[in-house]
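Visitor: I should like to learn how to read the main features of a protein model. Please take me through them one at a time.

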Amino acid sequence: MKLKLDLHEIYNRGHDIDRALRGIIDEAVAKKATLVEIIPGKGSGALKKKVLRFLDQKDVKQLYHRVEKDSKNFGRVFVHFRHK
């Protein structure tokens with residue numbers, strides 16, 4: 001199962017971004033999704049950095065297996081899960 005989160009609509013609302021990221025990670029864990037695609041968009045890269053900082057938090061990092069930055073599309077990040 002793959003989940004997708006597009007951050008274009010809330011790019012300038014920090015609290016909403018954190019809430020949306022937390023929500024999609026929690027949903028992936030609950031539904032045992034194997035992949036979450038997060039689309040921060042291309043822009044200046046600030047939103048992508050915010051997403052990566054969120055994913056690098058200790059309590060979040062233990063929930064997923066690895067993060068992959070899309071080599072063909074700068075504006076996408078894949079979060080891979082390995083469920084037991």
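Visitor: Which residue is the bridge partner of leucine 5 in strand 2?

Guide: Strands of a sheet pair through backbone hydrogen bonds, either parallel or antiparallel. In this predicted model, leucine 5 has isoleucine 38 of strand 2 as its bridge partner. Strand 1 (residues 2–6) and strand 2 pair in the parallel sense over 5 bridges; two strands count as paired if DSSP finds at least two bridges between them. Helices (H or I, at least four residues) and strands (E, at least two) are DSSP runs, numbered from the N terminus.

Visitor: On what footing do these statements rest?

Guide: Residues are numbered from 1 along each chain as its sequence is written, and side-chain values use heavy atoms, with hydrogens and water left out. Because this is a predicted model, local features need pLDDT of at least 70 and side-chain atom pairs count only at pLDDT 80 or more, while totals for chains, interfaces and linings use all residues.

Visitor: What is the strand order of the sheet?

Guide: The sheet is open, has 4 strands in the order 1-2-4-3, and shows mixed pairing. Strand 1 and strand 3 (66–69) stand at the edges with a single partner strand each, so one side of each lacks a neighbour in the sheet. From one strand to the next the twist averages 20 degrees; such angles run from 0 to 180 degrees between N-to-C directions, with axes as lines fitted to C-alpha atoms, for helices over the stretch in contact.

Visitor: How many bridges join strand 2 to strand 4?

Guide: Strand 2 and strand 4 (residues 77–80) run antiparallel and are joined by 4 bridges. Glutamate 37 stands opposite phenylalanine 78 of strand 4. Strand 3 and strand 4 also run antiparallel, joined by 4 bridges. In that pairing, lysine 69 faces valine 77 and valine 67 faces valine 79.

Visitor: Why is strand 2 described as largely enclosed?

Guide: The criterion is relative accessible area: buried means under 20%, exposed over 50%, and partly exposed in between (1.4 Å probe, protein chains only). In strand 2 (residues 35–39), 5 of the 5 residues are buried, so the rest of the structure largely encloses this strand. Leu35, Glu37 and Ile39 point one way, Val36 and Ile38 the other way, and all are buried. Strand 4 is likewise covered on both faces, with Val77 and Val79 buried on one side and Phe78 and His80 on the other.

Visitor: Which residues is histidine 80 in contact with, leaving aside its neighbours within four places in sequence?

Guide: Contact means heavy atoms within 4.5 Å. Histidine 80 contacts Thr34, Leu35, Tyr64, His65, Arg66 and Glu68, with neighbours within four places in sequence left aside. The relative accessible area of histidine 80 is 17%, and this residue is therefore buried.

Visitor: What unit do strand 1, helix 1 and strand 2 make?

Guide: With helix 1 (residues 14–31) between them, strand 1 and strand 2 form a right-handed β-α-β unit. A crossover is right-handed if, with the strands pointing away from the viewer, the path from the first strand over the helix to the second runs clockwise. Helix 1 lies across strand 1, strand 2 and strand 4, at about 175 degrees to strand 1.

Visitor: At what angle do the axes of helix 1 and helix 2 cross?

Guide: The axes of helix 1 and helix 2 (residues 46–55) cross at roughly 50 degrees and come within 11 Å. That makes helix 1 oblique to helix 2, because angles under 35 degrees count as roughly parallel, over 145 as roughly antiparallel, 65 to 115 as roughly perpendicular and the rest as oblique. Residues that meet there include Ile17 and Leu21 from helix 1, and Val51 and Leu55 from helix 2.

Visitor: Is leucine 55 buried or exposed?

Guide: Leucine 55 has 1% relative accessibility and so counts as buried. The C-alpha atoms of leucine 55 and leucine 21 are separated by 8.6 Å, although these residues lie 34 residues apart along the chain.

Visitor: What is the sign of phi in lysine 32?

Guide: Most residues other than glycine have a negative phi. Lysine 32, in the loop between helix 1 and strand 2, has a positive phi, near 55 degrees. Lysine 32 is exposed, with a relative accessible area of 51%. In that loop there is also alanine 33, which is buried at 0% relative accessibility.
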